[in-house]
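Let's take a friendly walk through the empty spaces of this protein and the parts of the chain that enclose them. Please have your viewer ready.

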Amino acid sequence: MTRVFNFSAGPAALPEPVLHQAAEEMLDWNGSGMSVMEMSHRGKEFMAIHAQAQADFAELVGLPANYKLLFLQGGGIGQNAIVPMNLLRGKTGIDFINTGSWATKSIKEAKKYATVNVAASSEAERFTRIPPRDTWQLDPNAAYVHICSNETIGGVEYHWVPDTGNVPLVTDMSSSILSRPIEVSRYGLIFAGAQKNMGPSGLTVVIVRDDLLGDALPITPSAFDFKQQADADSMLNTPPTYAIYIAGLVFKWLKAQGGLTAMEQRNRRKAALLYDLLDATPFYTNPVAREDRSLMNVPFTLRDDRLNEPFLKGAEERGMRQLKGHSSVGGMRASIYNAMSVEGVQALADYMKEFAARHG
Ligand SMILES: *Cc1c(COP(=O)(O)O)cnc(C)c1O
């Protein structure tokens, strides 16, 4: 068996030890005689898996006591509707910072439920940077301020937590959660789909400050009412049991790696291998402002678009997959989440150097 270096933006690579353990336990989890997929979510076996995954996640991020951790379904796109339904709390407006494709999607969805104020946008700069905080036109009466911590397509990431005063800060952390330590107490709510950096698709993690709970719009589906789910320990409906189990194994793996501080160091090293190369040769270009470059998603273009196909073909021959950029930006994109090894990124950097020398 040969495993490829998988640079997919999501669903993305998982740590190999996690996949091995899941394979070993597939037919018989821990002497239960059942696969985790076959267990009742209310049985003692799965309840233990669920509780352990919650505890390990809470430990990894240092979850403060006044926050609830929810394991839901619906994905990041679901949260674009679910968050406004839950967090308007009698207010009518939401402030958004538009930094690219994912923030744009969130804005469009929120307009169904609220008055949207785009308090700052980098659209005029083709989303190549985070708008500086002193340019934001925030509304002090907004229900909350929404940001996207890491734009998965554009490769733009916040390397600072914005201060929004008394107005809660909400972030879509789908593609950067657990890639580095998180100052949870700076946020009112954090949401993330699991399939980039935590596990399989199907699980959506929500971290919410408890004073924001309990005033959802009456139309809010019960399965997506944060208060009802918090009261039911995320078991108001059947949770995505197998995805929670795999994510739980990933949390254990992260702890064994040294936790989020160690992950950040490794992720910085990986990203630097690519950005240093992109900056060193005019053959490749990354358009993002240096201080806002993503540690997780590295988009780049080649000097000549006609070289894209040969580049991808050569990469494939060397066991590197899913490097083709998103159709909206073209070129290439290397997604280098936690599960991507330094070795994999080094292999890509070596290949890029070689390709540039051959075609430069
Ligand atoms: C992938 C992604 C999403 C969408 O997640 P779905 O599970 O498809 O709903 C939302 N936001 C960001 C930043 C993402 O990277």
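Helix 3 supplies the largest share of the lining of the second largest cavity, with 4 residues. Keep in mind that this is a predicted model. Helix 4 (101-110) joins helix 3 as an element that gives two or more residues to that lining. To select the full set, pick Q79, N80, V83, P84, F96, S106, A110, Y144 and H146. Sorted by class, this lining holds 5 nonpolar and 4 polar residues, and no charged ones.

Helix 3 itself deserves a closer look. Running over residues 75-87, helix 3 spans 17 Å from its first C-alpha to its last, close to the 18 Å expected at 1.5 Å a residue. Where does helix 3 bend? The bend, of about 30°, is at A81, and the proline P84 follows within four residues. P84 also belongs to the lining of the second largest cavity.

Is helix 3 mostly covered or mostly uncovered? It is mostly covered, with 10 of its 13 residues buried. Among the buried residues are Q79, N80, V83 and P84, and these four names also appear in the lining of the second largest cavity. A81, where the helix bends, is buried as well. Just after helix 3, R89 takes a positive phi of about 45°.

Now for the rest of the empty space. Over the whole structure, a search finds 2 cavities of 30 Å³ or more. There is also a largest pocket, with a volume of about 440 Å³. Of the 20 residues lining this pocket, R126, G154, P287, S328 and V329 are the closest to its centre. Strand 12 (residues 297-302) gives the most to the pocket lining, with 3 residues.

The largest cavity has a lining made up of A13, L14, P15, K196, N197, M198, G199, V250, W253, N338 and A339. Here are the three spaces side by side:

| Space | Volume | Lining by class |
|---|---|---|
| Largest pocket | about 440 Å³ | 9 nonpolar, 9 polar, 2 charged residues |
| Largest cavity | about 40 Å³ | 7 nonpolar, 3 polar, 1 charged residues |
| Second largest cavity | about 40 Å³ | 5 nonpolar, 4 polar, no charged residues |

Which element, then, ties the helix and cavity parts of this tour together? Helix 3 does, giving 4 residues to the lining of the second largest cavity while 10 of its 13 residues are buried.

Notes. Residues are numbered from 1 along each chain as its sequence is written. This is a predicted model: local features need pLDDT of at least 70, side-chain atom pairs count only at pLDDT 80 or more; totals for chains, interfaces and linings use all residues. Side-chain values use heavy atoms; hydrogens and water are left out. On a 1 Å grid over the protein atoms alone, a cavity is a set of points where a 1.4 Å probe fits but cannot get out, and a pocket is an open set with protein on both sides within 12 Å along at least five of seven lines; lining residues have an atom within 4 Å of a point. Grid points are joined across faces, edges and corners, and a volume is the space filled by probe spheres set on the points. Ala, Val, Leu, Ile, Met, Phe, Trp, Tyr, Cys and Pro count as nonpolar, Asp, Glu, Lys and Arg as charged, and the others, Gly among them, as polar. The expected span of a helix is 1.5 Å times one less than its number of residues. The bend at a residue is the angle between axes fitted to the seven residues ending there and the seven starting there. Buried means under 20% relative accessible area, exposed over 50%, partly exposed in between (1.4 Å probe, protein chains only).
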